[in-house]
Amino acid sequence: MVIGGFHPFTLSDFPGHVAAIVFTQGCSMRCPYCHNKHLWALQAEHGEIDEEHIVTVLDKRSKRLQGVVITGGEPTLQQELVRFATRVKAMGLRVKIDTNGLCPEKLRELILAGVVDYIAMDIKAPWEKYSIVCGTEINTTRIQTSIDCIVGSGLPHHFRTTWYRQMLNDSDMEELRRTMVPPSSPYVVQKCIM
Ligand code: SF4
């Protein structure tokens, strides 16, 4: 795992859980409103955080923590994500994955391995604006496959959209909600603070 950041404590990022946050390095999108641009490159500019250090901290705090959020960047870019999530689970902690949905294969791998307890996925924009809002060419079939994979998993999850008003108007949001968000799934709209 290439890890670019770590927060030992959050009450707000894993619904119903006291958690730590691991930020993986590297992202497959270039959203203009991104707050984690320092995590875009696959290699950390100022050095990685050693996985063993994080595991030691998690182990020490495991009685006070209930879970770990693995976010990014984009966690599904990590070759060793399943191994790391397995390690976290072995400490008795639950795992939440935040994803942009571009790698349905890795999501399926996590789900089949039984090492993820909660998934939060961004739905960035209506299909026709997806690549524009993500700042790079997006294969939207992969996004739809991830949505289907998450819903089909039966795991607790939610979908969310950061409402970037410079690119998404009211009718875009209405279309997105009507045509892309699975009707039975929790859905959150986040204000874009820049
Ligand atoms: S997917 Fe997330 S981490 Fe990647 S560029 Fe967009 S907002 Fe930033």
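This passage describes the ligand site, the largest pocket, the cysteines and a few local features of a predicted model.

We can begin with the ligand and its neighbours. Its surroundings are made up of Cys27, Met29, Arg30, Cys31, Cys34, Trp40, Gly73, Asn100 and Lys124. Sorted by class, this shell consists of five nonpolar, two polar and two charged residues. The ligand occupies the largest pocket of the structure.

That pocket holds about 840 Å³ of space. Its lining comprises 35 residues, of which Asn36, Thr71, Asp122, Arg160 and Gln190 are the closest to the pocket centre. Several strands contribute two or more residues to the lining, namely strand 2 (19-24), strand 3 (67-71), strand 4 (94-99), strand 6 (157-163) and strand 7 (187-191). The composition of the lining is mixed, with 14 nonpolar, 12 polar and nine charged residues.

One member of the ligand shell, Gly73, also deserves a look at its backbone. The peptide bond that leads from Gly72 into Gly73 is cis, and its omega is near 10°. Along the chain, Gly73 is found in the loop that runs between strand 3 and helix 2. Strand 3 is among the elements that help to line the largest pocket.

The cysteines come next. Cys27, Cys31 and Cys34 are among the residues around the ligand, yet the structure contains zero disulfides. For Cys134, the closest cysteine sulfur belongs to Cys31. The two sulfur atoms are 4.9 Å apart, which is too far for a bond because a disulfide requires a pair within 2.5 Å. How accessible are Cys34 and Cys134, buried or partly exposed? Cys34 has a relative accessibility of 23%, so this residue counts as partly exposed. Cys134, in contrast, has 0% relative accessibility and therefore counts as buried.

Away from the cysteines, helix 2 offers a further buried position. This helix spans residues 81-90 and includes Ala85. With a relative accessibility of 0%, Ala85 counts as buried. Ala85 and Val116 are 31 residues apart along the chain, and their C-alpha atoms are separated by 7.2 Å.

Taken together, the ligand lies in the largest pocket, with Gly73 and three cysteines, Cys27, Cys31 and Cys34, among its neighbours.

Notes. Residues numbered from 1 in each chain as written. Predicted model: local features only at pLDDT ≥ 70, side-chain atom pairs only at ≥ 80, totals over all residues. Heavy atoms only, no water. Near = heavy atom within 4 Å. 1 Å grid on protein atoms, 1.4 Å probe; cavity = no way out; pocket = protein on both sides within 12 Å on 5 of 7 lines; lining within 4 Å. Sits in = over half its atoms within 2 Å of the grid points. Nonpolar A, V, L, I, M, F, W, Y, C, P; charged D, E, K, R; others polar. Buried < 20%, exposed > 50% of the residue type's maximum accessible area, 1.4 Å probe, protein only. Points joined across faces, edges and corners; volume = space filled by probe spheres on them. Helix = DSSP H or I, 4+ residues; strand = E, 2+ residues; numbered from the N terminus.
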